[in-house]
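These notebook entries record what I looked up, one topic at a time.

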Amino acid sequence: MSTGDSWHPVGLSHSIEAGSSAGTRLLGQELVVWRDTGGTAHVWEDRCPHRGMKLSFGFVRGDHIACLYHGWQYDRAGYCQYIPAHPDLDVPKTFKVPVYLTQEQAGMVWTTLSGNPAPLPVDRDQTVPLRSLYLDCSTQAAITALGMVRLMPFVSRGLADTIVHHLTDTLYAVSTGDDRLLIGIQAISETRTALHLTICGSPRLYEGAGQSHFLDWALQLRRDIEQLRPPVLAVRGAAVEMN
Ligand code: FES
């Protein structure tokens, strides 16, 4: 399993709308992924420093997130700036949520739990979100499964082979001819993994009906992985998984 020193995807970008938040986990750690109303994504520890409420249950207000329980408000750097019960208090700087480096690449939100890893080896070409698949298995088992299943071409046009490219420990690409799919691998825990799928290309080509062949392919991938013995993998798909 990759470590916290790597870049890890924690969801598809389109699943976190401006002004919203969602809880997830990475390497067993509870995280809140939220997007301020200016459009910037943030990944923080999902725990309010006051009494431990999950910040993913809170509310995004402009460039702040407010805790559901007592309304403490945190700015984009994680510092508490306002406590409703003490509106005139100059809030101590020690009231701060641990925040993590965050970037968006390839249609996914990425973070790292420590260090400052090398940039992801993906360009900034357009991507179109496909879906996320959630697997009841380790990251290593998921990667092994990707290598074991017989990957069909995305489309029947031509006779191009389907090729899997290892880009990093947490990012793979799958291509058939000119069609290319990216798979970000989220190590939720030692027994749970998410695959986040995005299509490389223009929304003009791949939105709506234009991505139906990719969806069919993803569903076939899920069926193929489910049939692997061993390990027995229970799989379910969803646009985004929230705790
Ligand atoms: S637990 Fe978050 S404000 Fe009290």
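The entries below cover the sheets, the salt bridges and a surface patch of this predicted model.

**Entry 1. The four-stranded sheet**

I began with the strand order. Strands 2, 3, 4 and 9 form an open sheet in the order 2-3-4-9, with antiparallel pairing. Strand 2 and strand 9 are the edge strands; each has a single partner strand, so one side of each lacks a neighbour in the sheet.

I then went through the pairs. Strand 2 (residues 20–26) pairs with strand 3 in the antiparallel sense over seven bridges. As a point of register, I noted that T24 stands opposite L31 in strand 3. Strand 3 (residues 29–35) is joined to strand 4 by five bridges, and these two strands run antiparallel. Here I looked up W34 and found that its bridge partner in strand 4 is H42. Strand 4 also pairs with strand 9 (residues 99–100), antiparallel, over two bridges. For V43, the bridge partner in strand 9 is Y100.

**Entry 2. The turn and strand 4**

What lies between strand 3 and strand 4? I found a hairpin with five residues between the two strands. In the turn, G39 has a positive phi of about 100°.

Is strand 4 largely enclosed or open? Of its five residues (41–45), four are buried, so strand 4 is largely enclosed by the rest of the structure.

**Entry 3. A residue in the edge strand**

I next examined S21, which is found in strand 2. Its relative accessible area is 14%, so S21 counts as buried, the cut-off being under 20%. I then asked which backbone atom its side chain reaches. The side chain of S21 reaches the backbone oxygen of S56 at 3.2 Å.

**Entry 4. Salt bridges**

How many salt bridges does a search of the whole structure find? The search finds four. As general background, side chains of opposite charge can pair when their charged atoms come close. I followed up several of the pairs.

K54 forms a salt bridge with E30, and the closest N and O atoms are 3.0 Å apart. This pair links distant parts of the chain: K54 is in the loop between strand 4 and strand 5 (59–61), E30 is in strand 3, and they are 24 residues apart. I checked the exposure of both partners. K54 is partly exposed, at 23% relative accessibility, and E30 is also partly exposed, with a relative accessible area of 32%.

R35 forms a salt bridge with E104, with the closest N and O atoms 2.8 Å apart. R35 lies in strand 3 and E104 in strand 10 (residues 102–105), so this salt bridge ties together parts that are 69 residues apart in sequence. R35 is buried, with a relative accessible area of 8%, whereas E104 is partly exposed at 30%.

D36 forms a salt bridge with R76, and the closest N and O atoms are 2.8 Å apart. The pair again links distant parts of the chain, 40 residues apart. I located D36 in the loop between strand 3 and strand 4, and R76 in the loop between strand 7 (73–74) and strand 8 (80–82). D36 counts as buried, at 1% relative accessibility, while R76 counts as partly exposed, at 40%.

**Entry 5. The three-stranded sheet**

Which strands form the other sheet I looked up, and in what order? Three strands form an open sheet in the order 1-11-10, with antiparallel pairing. Strand 1 (8–12) and strand 10 stand at the edges with a single partner strand each, so one side of each is left without a neighbour in the sheet. The twist averages 30° from one strand to the next.

For the pair of strand 1 and strand 11 (residues 108–111), I found four bridges, the strands running antiparallel. H8 stands opposite T111 in strand 11.

**Entry 6. A nonpolar surface patch**

Which residues make the nonpolar surface patch? I found F57, F59 and L68, which make a patch of about 280 Å². F57 lies in the loop between strand 4 and strand 5. F57 is partly exposed, with a relative accessible area of 40%.

Technical notes
Residues are numbered from 1 along each chain as its sequence is written. This is a predicted model: local features need pLDDT of at least 70, side-chain atom pairs count only at pLDDT 80 or more; totals for chains, interfaces and linings use all residues. Side-chain values use heavy atoms; hydrogens and water are left out. Buried means under 20% relative accessible area, exposed over 50%, partly exposed in between (1.4 Å probe, protein chains only). A polar contact is a pair of N or O atoms within 3.5 Å; within protein, one must be able to donate a hydrogen and the other to accept it, and residues adjacent in sequence count only if both atoms are side-chain atoms. Two strands pair if DSSP finds at least two bridges between them. A salt bridge is a side-chain nitrogen of Lys or Arg within 4 Å of a carboxyl oxygen of Asp or Glu. Patches are made of residues with over 30% relative accessible area and no salt bridge: like charges are joined within 9 Å, nonpolar side chains (Val, Leu, Ile, Met, Phe, Trp, Tyr) within 5 Å. Accessible areas come from the Shrake-Rupley method with a 1.4 Å probe; for residues, only the protein chains shown count as cover. Axes are lines fitted to C-alpha atoms, for helices over the stretch in contact, and angles run from 0 to 180 degrees between N-to-C directions.
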